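The following exercises concern a single molecular structure. Please examine the sequence and the coordinates before reading the solutions.

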Amino acid sequence: MLIMGAPGAGKGTQSTALAEAYSVPAISTGDIFRANIRNATELGVKIKALIEAGEYVSDDVTEAIVADRLAEEDCSSGFLLDGFPRTMHQVHFLDRHLSRQRRGLNAVVSLVVEPDELVARLLDRAQKEGRTDDNEDTIRRRMEVYAGQTAPLLFHYERQGLLVEVEGTGTVEEVRQRMLEAVAAHKA
């Protein structure tokens, strides 16, 4: 499965519950990137510069990281990707990668939240967590990049009958319940 949504839509928060419900690992490319930044790896230095500029990490780098992670034993019975794919290039990569393994996606959850709510959430998160990559200009730039590069993916998955849209506004529990019910109905 995949979980998608604009930055601040709650993917990280909701992915844990979804992964637990289906006994699969939640794989966050953002967490992998932040670990590299925290550890000041060569990759981390490059990633930090891109994120601070409001840009995304290149497809090739992200695809290699995801392929390595999906090859790990805990992904043999399934997985939940959070933050990947973000471009059509990555969609086609994932489709080919899974096809070679005779695997496929069961559902693509899209958390839908109004833009002004997203800005407020991200500014609040930046203050609480000290994230330098979450100032208002960078947030708005990330939303522009999301709309231009990532939103078309939803149409791709909708055409494949995989898209499960979930209203992402409300309490964490309300969104979680809506999401779990929608995925169960989709998989039935």
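**Exercise 1: The aromatic pair**

The structure holds one aromatic pair; determine how the rings of Phe84 and Phe93 are arranged. The model is predicted, with local features requiring pLDDT of at least 70 and side-chain atom pairs pLDDT 80 or more, while totals for chains, interfaces and linings use all residues. Residues are numbered from 1 along each chain as its sequence is written, and side-chain values use heavy atoms, without hydrogens and water.

Solution.
1. Rings of Phe, Tyr and Trp (its six-membered ring) pair if their centres lie within 6.5 Å; planes under 30 degrees apart are stacked, over 60 edge-to-face, and the rest tilted.
2. The ring centres of Phe84 and Phe93 are 6.4 Å apart and the planes stand at 85°, so the pair is edge-to-face.
3. Phe84 has a relative accessible area of 1% and is buried (under 20%; exposed is over 50%, partly exposed in between, with a 1.4 Å probe and protein chains only).
4. Phe93 is also buried, at 12%.

**Exercise 2: Helix α5**

Compare the expected and actual span of α5, and locate its buried residues.

Solution.
1. Helices are DSSP runs (H or I, at least four residues), as are strands (E, at least two), numbered from the N terminus.
2. The expected span is 1.5 Å times one less than the number of residues.
3. For the 13 residues of α5 (88-100) this gives 18 Å, which agrees with the 18 Å between the end C-alpha atoms.
4. Buried in α5 are Gln90, Val91, Phe93, Leu94, His97 and Leu98.
5. Viewed down the axis of α5, the buried residues fall within an arc of 165°, so they line one face of the helix (the arc is that of directions from the helix axis to the C-beta atoms).
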